[in-house]
Amino acid sequence: MIRIVIAEDQEMLLGAIGSLLNLEEDMEVVGQASNGEEAITLVHRLQPDICIMDIEMPEMSGLEAAEALRSFGCKVIILTTFAKSGYFGRALQADVRGYLLKDSPSEELARSIRSIIEGQRIYCPELIDEDSNQNEQAIEVLQPLIERPKKINTVRNYLTTILDKIKLPTG
């Protein structure tokens, strides 16, 4: 069973994500938080496999909480509505395993959670920061993923799109 903590400051969205994930046979939402500080407390107390966080929350943002959890062993997925300059680089520095759009279908979130548990990283191409200062770190993180054969075509497609955005040669 994949144990999940969700941090989202919009109460209705927090409940909806939790309810949808609890419908999955292999997932259980074990905790819900309304900000990053609460998320860190719940992760330390409940030791989930995954923590899904909104990127912008009061008290402590999802990125700040991800940075605090970097060495804890819980895999972090950031959910956001839109790309902001610098966020992708911070997500990479915080070892965020998933960086996804909130308006994606719930099936895609569940599929991403399973892939991340298996060791993959899922970054939505629309959220990749095109700031050239981020490219070197993105290349360092993404290159091993490109060189390894992928079982999931979606991941390969995402990586190709990311590489196109950061102007990294794929061959």
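Two strands are taken to pair if DSSP finds at least two bridges between them. In this predicted model, strand 4 (residues 75-80) and strand 5 (residues 98-101) run parallel and are joined by 4 bridges. Within this pairing, I78 stands opposite Y99 in strand 5.

This pair is a good place from which to explore the rest of the sheet. Altogether, 6 strands make up an open sheet with parallel pairing, and their order across it is 2-1-3-4-5-6. Strand 2 (27-33) and strand 6 (122-123) stand at the edges with a single partner strand each, so one side of each has no neighbour in the sheet.

Along the sequence, strands and helices follow the pattern β-α-β-α-β-α-β-α-β-α-β-α-α, and the secondary structure comes to 7 helices and 6 strands. Helix 1 (residues 11-22) offers a view of how a helix is placed against the sheet: it lies across strand 1 (2-7), strand 2, strand 3 (50-54) and strand 4. Relative to strand 2, helix 1 runs at about 165°.

Turning to the interior, buried residues account for 49% of the 171 residues in the chain. The largest nonpolar core contains 31 residues, and C51, M53, V76, I78, V96 and Y99 have the most contacts inside it. Two or more residues of this core come from each of strand 1, helix 2 (36-46), strand 3, helix 3 (62-69), strand 4, helix 4 (87-93) and strand 5. I78 and Y99, introduced above as standing opposite each other, are thus met again among the core residues with the most contacts. Another core, of 18 residues, lies apart from the largest one; among its members are I6, L21, I77 and I122.

V76 gives a closer look at the largest core. Leaving aside neighbours within four places in sequence, V76 is in contact with C51, M53, A66, L69, V96, R97 and G98. Across the whole chain, of the contacts with a separation of 6 or more, 66% are between residues 24 or more positions apart. On the outside, the accessible surface of the chain comes to about 8600 Å², and carbon and sulfur atoms hold 46% of that area.

A word on confidence helps in reading the picture. The mean pLDDT of the chain is 83, with 75% of its residues at 70 or more. Over residues 146-151, pLDDT stays under 50, and the model has 7 contacts beyond four places in sequence for this stretch. Where pLDDT is low, predicted coordinates should not be read in detail.

Definitions and conventions:
Residues numbered from 1 in each chain as written. Predicted model: local features only at pLDDT ≥ 70, side-chain atom pairs only at ≥ 80, totals over all residues. Heavy atoms only, no water. Contact = heavy atoms within 4.5 Å. Axes fitted to C-alpha atoms, helices over the stretch in contact; angles between N-to-C directions. Buried < 20%, exposed > 50% of the residue type's maximum accessible area, 1.4 Å probe, protein only. Areas by Shrake-Rupley, 256 points an atom, 1.4 Å probe, with all protein chains shown as cover. Core = buried A, V, L, I, M, F, W, Y, C linked by side-chain atoms within 4.5 Å. pLDDT = per-residue confidence, 0-100.
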